[in-house]
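User: I'm new to this structure and would love a close look at a single part of it. Could you pick one helix, walk me through it, and then show me how its surroundings are put together?

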Amino acid sequence: MSAARSSLPPWLRAAPALLRIGLLEAFAYRAEFIVWMLSTTMPFIMLALMSAVTREGTIAGFDQPAFTAYYMATLLVRHLTGSWVVWQMVMEIRQGTLALKLVRPLHPLWFYFLEAVSTTFFRSLISVPLIALAFVLLGAGGSLVTDPALLGCAALGIAGAWILNFTLSAAIGTLGLYIESSVAVWDLWIGCFMIFSGYLLPIELFPPWLASAARSMPFPYLQSLPVEIMTGRHDLAHALPLLLRQAGWAAGSIALLLLLWRRGVRRFAAYGG
Amino acid sequence: MGNRDLRASGRAVKPASVKYSPRVTSADPIDRDRGPGDIVVDHLVKEYRVHERASGLVAAIGSLFRRRYTARRAVDDLSFSIARGERVGFLGPNGAGKTTTLKVLSGLLHPTSGTVRVAGHEPRRRRREFLRTITLVMGQKQQLLWDLPPADTFAMNRAIYDIPRKEYDETLSELTTLLELDATVRRPTRQLSLGERMKCELVAALLHRPRVLFLDEPTIGLDVEMQAVLRRFVKEYNERFSATVLLTSHDMDDVTALCPRVIVIDKGCLTYDGDLRELARRVRPHKRVIVRTVDGKEETELVSQADLPRFIAQRLERGQVADLTVADPPLEEVMRELFATRAQKEAVP
């Protein structure tokens with residue numbers, strides 16, 4: 001066991017301790033954390049709105065139970081895949097404390113990655129049971145897929161969405177090494193995310209040209225793809241190519257992040273005296 | 001002549017801008033007496049590209065379309081060498097280029113030109129072996145996790161630096177004993193006093209037993225007692241592990257207590273490299289003679305080294321002397337004088 005551990009590269013050997021520290025930090029901020037989770041109310045608002053609209057019938061194949069399942073799944077996926085690493089990165093760049101990460105023999109992006117994994121795990125401990133309870137109470141459980149293959153696809157879609165959310169959030173955070181207004185870029189990004197990811201409205205409700213435009217962007221792969229798989233909007237033959245496309249976006253976003261980081265770190269200069 | 005000789009007499013560059021007339025030498029990056037230096041800086045230049053615009057909304061909008069950049073030279077052809085185990089003070093007024101140099105030495109900045117080697121490594125490559133060899137302590141920035149006890153930061157650093165458990169336990173116990181930390185490390189960082197936090201910062205920074213210490217204002221904001229504790233600790237660590245220490249501080253007591261040698265830079269250029277007392281002697285050649293008379297009065301006179309025996313003899317002959325002390329001028333005064341002289345000379349067309 002010990003021999004196997006020592007044969008691992010140092011960055012991997014450091015992972016368990018860093019994950020533990022990440023969990024301890026998340027636990028230390030538990031009050032803020034729970035308040036933030038409870039304040040993620042947009043899917044509930046949209047659910048109430050769409051339920052009122054569909055009282056008399058269906059819209060684009062969505063009836064009331066379908067909307068309930070869609071927005072509950074949206075809430076679950078958002079809690080499991082959301083990443084806000086951009087704020088931490090921008091703060092550390094502006095205050096110059098990134099320097100303390102850069103002089104350690106471990107890649108700063110690895111720190112951020114493990115911290116995000118810990119945060120997601122901690123968040124899931126609270127959010128998954130609560131959202132599962134909401135599914136039961138709202139009677140939306142019946143609209144979810146039960147086929148193990150599709151459930152597996154949904155899990156892969158959630159993992160892919162997590163990677164995309166993290167890497168793109170970190171890439172925008174890295175822009176802080178180039179420009180002063182990376183937070184404004186983030187605001188713009190979130191605005192586009194709300195519209196094109198299916199977070200506010202299912203993409204199927206968009207006019208065809210807008211739906212097609214949205215699906216050619218990365219946003220649906222950050223959010224709605226796993227939601228659509230979970231709620232039975234795709235069969236296996238349709239889901240697999242979409243997952244492949246998501247993997248392509250994830251690979252591209254990782255490459256973008258590493259490129260931005262490598263060049264940006266050279267610019268990390270006068271911050272913080 | 002070896003570098004040690006140069007150091008003993010003080011090595012100074014650009015004499016035109018200082019009051020004294022030191023011997024001008026080219027800085028030799030190799031210490032011939034002690035082998036290659038642990039820190040070798042050879043003709044280092046670092047320039048920043050600075051975006052400039054006038055104040056106001058029009059200028060702000062204009063700068064969106066046409067950005068004007070100027071190159072600001074923070075470090076200008078700087079060369080010096082520090083042997084293993086030396087404690088060196090790195091001094092200069094604000095904006096002199098001290099922190100920039102320290103950032104280049106720790107691999108945070110890439111030199112514009114020139115070469116830098118630290119413990120045999122090229123810092124800008126930021127190789128794992130290099131980063132395990134150094135530590136950077138910045139008095140104004142902390143690495144401790146704010147809401148967790150310092151013990152958790154120490155555990156995190158153990159993982160980051162891949163320190164074997166036994167070595168970690170030994171070092172931690174040693175450092176916490178030296179700094180008289182015990183229960184402190186188990187209280188959340190946010191509940192610690194500034195002094196306690198700084199002690200814990202030092203422990204976190206030294207757990208991997210770095211060979212080269214870059215200390216940037218490590219005692220800033222601390223009370224006198226805590227400053228003394230930290231200085232004692234740094235000295236002990238340096239002697240015990242033969243660690244090389246490069247210290248920047250505006251607190252001259254730090255420098256006086258820790259650094260037999262100082263490197264002074266101004267506007268990115270080397271102004272002086274040598275013995276601390278020699279610098280004081282050159283800039284302020286007068287000794288401070290403090291005489292306390294039997295009726296409790298205290299008089300202070302500035303007397304040149306040459307006149308000192310005659311002055312003391314005369315003063316004692318006059319009688320009424322209860323106590324007589326001869327002291328060097330405080331380093332603050334020396335530095336103030338050094339930089340004021342440079343500024344005055346530059347102001348004269």
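Analyst: Here is a walk along one helix of chain A, followed by a look at other parts of the model for context.

Please keep in mind that this is a predicted model. Our helix is α6 of chain A, which covers residues 64–81. It has 18 residues and spans 25 Å from its first C-alpha to its last, close to the 26 Å expected at 1.5 Å a residue. At the start of α6(A), a side-chain oxygen of A:Asp63 comes to within 2.9 Å of the backbone nitrogen of A:Ala66.

How much of this helix is buried? Of the 18 residues of α6(A), 16 are buried, so the helix is largely enclosed by the rest of the structure.

Let's zoom in on one residue of the helix, A:Thr74. With a relative accessibility of 0%, A:Thr74 counts as buried, the cut-off being under 20%. A polar atom of the A:Thr74 side chain lies 2.8 Å from the backbone oxygen of A:Tyr70. Setting aside neighbours within four places in sequence, A:Thr74 touches A:Pro43, A:Gly198, A:Tyr199, A:Gln223 and A:Val227.

Right beside A:Val227 in the sequence comes a residue with a salt bridge, A:Glu228, whose side chain meets that of A:Arg215 at 3.3 Å, N to O. A:Arg215 sits in helix α12 (residues 208–215) and A:Glu228 in helix α14 (residues 224–230) of chain A, so the pair ties together parts that are 13 residues apart in sequence. The two partners differ in cover: A:Arg215 is partly exposed, with a relative accessible area of 28%, whereas A:Glu228 is buried at 2%. Over all chains, the whole structure has 23 salt bridges.

Chain A also offers some less covered places. A:Leu240, in helix α15 (residues 236–267), is partly exposed at 44% relative accessibility. Its C-alpha is 7.4 Å from that of A:Cys153, although the two residues are 87 apart in sequence. Elsewhere, A:Leu8, A:Trp11 and A:Leu12 form a nonpolar surface patch, with about 250 Å² of accessible area together. Within that patch, A:Leu12 belongs to helix α2 (residues 10–13) of chain A and is partly exposed at 32% relative accessibility.

For a companion to α6(A), turn to chain B, which holds twelve helices and 15 strands. Buried residues make up 51% of its 349 residues. One of the helices, α7(B), runs over residues 194–206 and reaches 18 Å from first C-alpha to last, close to the 18 Å expected. This helix is mostly covered too, with eleven of its 13 residues buried. Those buried residues pack against β8, α5, α6, β9 and α8 of chain B.

Chain B has salt bridges of its own. In one, B:Asp273 and B:Arg261 bring their closest N and O atoms to 2.9 Å. B:Asp273 lies in strand β12 and B:Arg261 in strand β11, so the pair ties together parts twelve residues apart in sequence. Both of these residues are buried. In another, the side chains of B:Glu299 and B:Arg315 meet at 3.3 Å, N to O. Here a strand and a helix are joined, because B:Glu299 lies in β14 and B:Arg315 in α11. B:Glu299 is partly exposed at 29% relative accessibility, while B:Arg315 is buried at 5%.

Notes
Residues are numbered from 1 along each chain as its sequence is written. Chains are lettered from A and ligands numbered from 1 in the order in which they are written. This is a predicted model: local features need pLDDT of at least 70, side-chain atom pairs count only at pLDDT 80 or more; totals for chains, interfaces and linings use all residues. Side-chain values use heavy atoms; hydrogens and water are left out. Patches are made of residues with over 30% relative accessible area and no salt bridge: like charges are joined within 9 Å, nonpolar side chains (Val, Leu, Ile, Met, Phe, Trp, Tyr) within 5 Å. Accessible areas come from the Shrake-Rupley method with a 1.4 Å probe; for residues, only the protein chains shown count as cover. A salt bridge is a side-chain nitrogen of Lys or Arg within 4 Å of a carboxyl oxygen of Asp or Glu. Helices (H or I, at least four residues) and strands (E, at least two) are DSSP runs, numbered from the N terminus. Buried means under 20% relative accessible area, exposed over 50%, partly exposed in between (1.4 Å probe, protein chains only). The expected span of a helix is 1.5 Å times one less than its number of residues. Contact means heavy atoms within 4.5 Å. A polar contact is a pair of N or O atoms within 3.5 Å; within protein, one must be able to donate a hydrogen and the other to accept it, and residues adjacent in sequence count only if both atoms are side-chain atoms.
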